[in-house]
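Colleague: I'm still new to reading models like this one. Could you take me through one part slowly, the places where protein and DNA meet, and then show me what surrounds that part?

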2 protein chains.
Amino acid sequence: MIKLNDKEYTCPIDVSLSFVSGKWKILILAHLAQFEKRGFSEIRENLPGISEKMLSQQLKQLEKDHLISKSVLSLKPYRVEYRLTETGKSFSPLFSFLSNWGMDFLKKNGIDYLKDQQLYK
Amino acid sequence: MIKLNDKEYTCPIDVSLSFVSGKWKILILAHLAQFEKRGFSEIRENLPGISEKMLSQQLKQLEKDHLISKSVLSLKPYRVEYRLTETGKSFSPLFSFLSNWGMDFLKKNGIDYLKDQQLYK
DNA sequence: AATCGGGGTTACCATTTGGTAAGTTATTGA
DNA sequence: TCAATAACTTACCAAATGGTAACCCCGATT
C-alpha cells in the first residue's frame with residue numbers, strides 16, 4: 001500500500017483515479033480542455049442531465065484537487081470562469097483516448113459520431 | 001444525446017466510461033493486462049481491500065461487457081482463469097497512462113514507486 | 001412590475017454502492 | 001481428522017451518491 005496525505009492507494013493507477021473518478025469529472029475536464037474557459041451555465045448546458053447541485057459539487061472537488069481554477073470575474077453581478085490548471089491539462093491524453101475509444105466503439109455499432117454530430121443538438 | 005442499446009450517452013467519452021467506471025474495474029483490468037491469466041484469488045490478493053463479493057460482482061460485469069473472458073479449468077474442484085479479451089486489451093493505453101500519471105504524481109510528492117516497490121508487500 | 005439568466009445553496013429523499021460476516025462445495029496437505 | 005485454499009453466494013446493514021425542488025442574490029430586459 002502507498003500512503004500519501006493520510007490516504008492509502010493500492011498502486012499508481014489508484015492514485016490517478018482518485019483525481020478523476022466521479023460521475024461527471026472527466027466529462028467536465030474534457031469540456032474545459034476543449035473550450036479553454038467556461039462559465040457555470042456553459043458547462044451545464046454541455047452536460048445534458050447534470051443538475052446544478054452535482055455540477056457545483058464536482059467543480060468544487062476539482063478545484064480542491066487543483067485540476068481546475070476558478071476566477072471570479074465580477075461580484076455584482078456574480079460572474080465566474082473555470083479553466084484547466086496545468087495539472088488538469090496533464091490529463092489531456094486521457095480525454096483523447098477515451099474519446100477516440102468511444103468513437104471507435106460507436107462506429108462498430110453503426111453510429112458515426114463525427115458525421116452525425118449535428119443531430120445531437 | 002447518443003442512443004445505443006436503450007441507453008443514452010452525452011458524448012463518446014461517456015460511452016467509454018460506461019465500460020470502465022466502477023471502483024475496481026480499471027484496477028482489475030490493469031492487473032490482467034500485466035499478468036495475462038489469473039485465478040480469482042490471485043486477483044484478490046493483488047487488490048488489497050477488495051472483498052470477494054465486490055470482486056465477484058465486478059468480474060461479472062466485465063465479462064458481460066466482453067472486456068474479460070472466464071475459462072472454467074475444472075469443475076471438481078472448481079478452478080477458473082480470467083484474461084482480457086481483445087476489447088479489454090484495447091484499453092491498455094488507458095492503464096499505462098494512468099499508471100505513469102500516478103507515478104509522476106507520487107514522485108512530485110517524494111515517493112519513488114518503482115524504487116520502493118519492495119516496500120509495498 | 002415581472003421575468004430571464006447567471007451562479008449558486010439547501011433540504012429531503014431514493015437509489016446505488018460497498019462492507020462484514022457467514023455459509024457452500026470440493027481438494028490437498030499435515 | 002483438521003486446517004487451508006479456491007471460488008464463490010447470500011443476507012444484512014451502512015455510507016456514499018445522485019435527483020428534485022425550492023430558494024437566494026443580483027442585474028438587465030420587456
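Modeller: Here is a walk through the DNA-facing surfaces, followed by some helix packing and a few backbone details.

Before we start, this is a predicted model, so local features need pLDDT of at least 70 and side-chain atom pairs count only at pLDDT 80 or more, while totals for chains, interfaces and linings use all residues. Residues are numbered from 1 along each chain as its sequence is written, chains are lettered from A and ligands numbered from 1 in the order in which they are written, and side-chain values use heavy atoms, with hydrogens and water left out.

Let's get our bearings in chain A. Its secondary structure comes to seven helices and five strands, where helices (H or I, at least four residues) and strands (E, at least two) are DSSP runs numbered from the N terminus. Going along the sequence, the pattern is β-β-α-α-β-α-α-β-β-α-α-α. The C-alpha trace of chain A spans about 50 × 45 × 25 Å along its principal axes.

Now for DNA strand C. There are 18 residues around it, and E52(A), S56(A), K60(A), Y82(A) and K53(B) come nearest; a residue is near a strand if one of its heavy atoms lies within 4 Å of it. Look at which part of the DNA is being met: sugar and phosphate make up 69% of the atoms of DNA strand C that come within 4 Å of the protein.

Zoom in on the phosphates and you'll find some polar contacts (pairs of N or O atoms within 3.5 Å; within protein, one must be able to donate a hydrogen and the other to accept it, and residues adjacent in sequence count only if both atoms are side-chain atoms). The side chain of S56(A) has an N or O atom 2.4 Å from a phosphate oxygen of DNA strand C. F40(A) uses a backbone N or O atom instead, 3.1 Å from a phosphate oxygen of that strand. V80(A) also has a backbone N or O atom by a phosphate oxygen of DNA strand C, at 3.4 Å.

Which elements do these residues come from? At least two residues each are supplied by α3 (40-46), α4 (52-64) and β5 (79-84) of chain A, together with α4 (52-64) of chain B. The largest share, four residues, comes from α4(A). By class, this surface has six nonpolar, four polar and eight charged residues. In that count, Ala, Val, Leu, Ile, Met, Phe, Trp, Tyr, Cys and Pro are nonpolar, Asp, Glu, Lys and Arg are charged, and the others, Gly among them, are polar.

Next, DNA strand D. Here 19 residues surround the strand, the closest being K23(A), K53(A), E52(B), S56(B) and Y82(B). Sugar and phosphate account for 71% of the atoms of DNA strand D that come within 4 Å of the protein. K23(A) puts a polar side-chain atom 3.1 Å from a phosphate oxygen of DNA strand D. From chain B, a polar backbone atom of F40(B) lies 3.0 Å from a phosphate oxygen of the strand, and one of V80(B) lies 3.5 Å from a phosphate oxygen. Two or more residues each come from α4 of chain A and from α3 (40-46), α4 and β5 (79-84) of chain B. The largest share of this surface, four residues, belongs to α4(B). Its residues divide into six nonpolar, four polar and nine charged.

Away from the DNA, let's see how some helices pack. Helix α2 (residues 25-35) of chain A and helix α1 (residues 12-20) of chain B have axes 10 Å apart, at an angle of about 150 degrees. That makes α2(A) roughly antiparallel to α1(B), the term for angles over 145 degrees. I26(A), L27(A) and A30(A) meet I13(B), D14(B) and L17(B) there, with contact meaning heavy atoms within 4.5 Å. Five of these residues are nonpolar, none is polar and one is charged.

Finally, the backbone. Most residues other than glycine have a negative phi, and most peptide bonds are trans. The bond from K76(A) to P77(A), though, is cis, with omega near 0 degrees, and P77(A) sits in the loop between β4 (68-74) and β5 of chain A. In chain B, a cis peptide bond joins K76(B) and P77(B). H66(A) has a positive phi, near 65 degrees, and is placed in the loop between α4 and β4 of chain A.

Technical notes:
Axes are lines fitted to C-alpha atoms, for helices over the stretch in contact, and angles run from 0 to 180 degrees between N-to-C directions. Angles under 35 degrees count as roughly parallel, over 145 as roughly antiparallel, 65 to 115 as roughly perpendicular and the rest as oblique.
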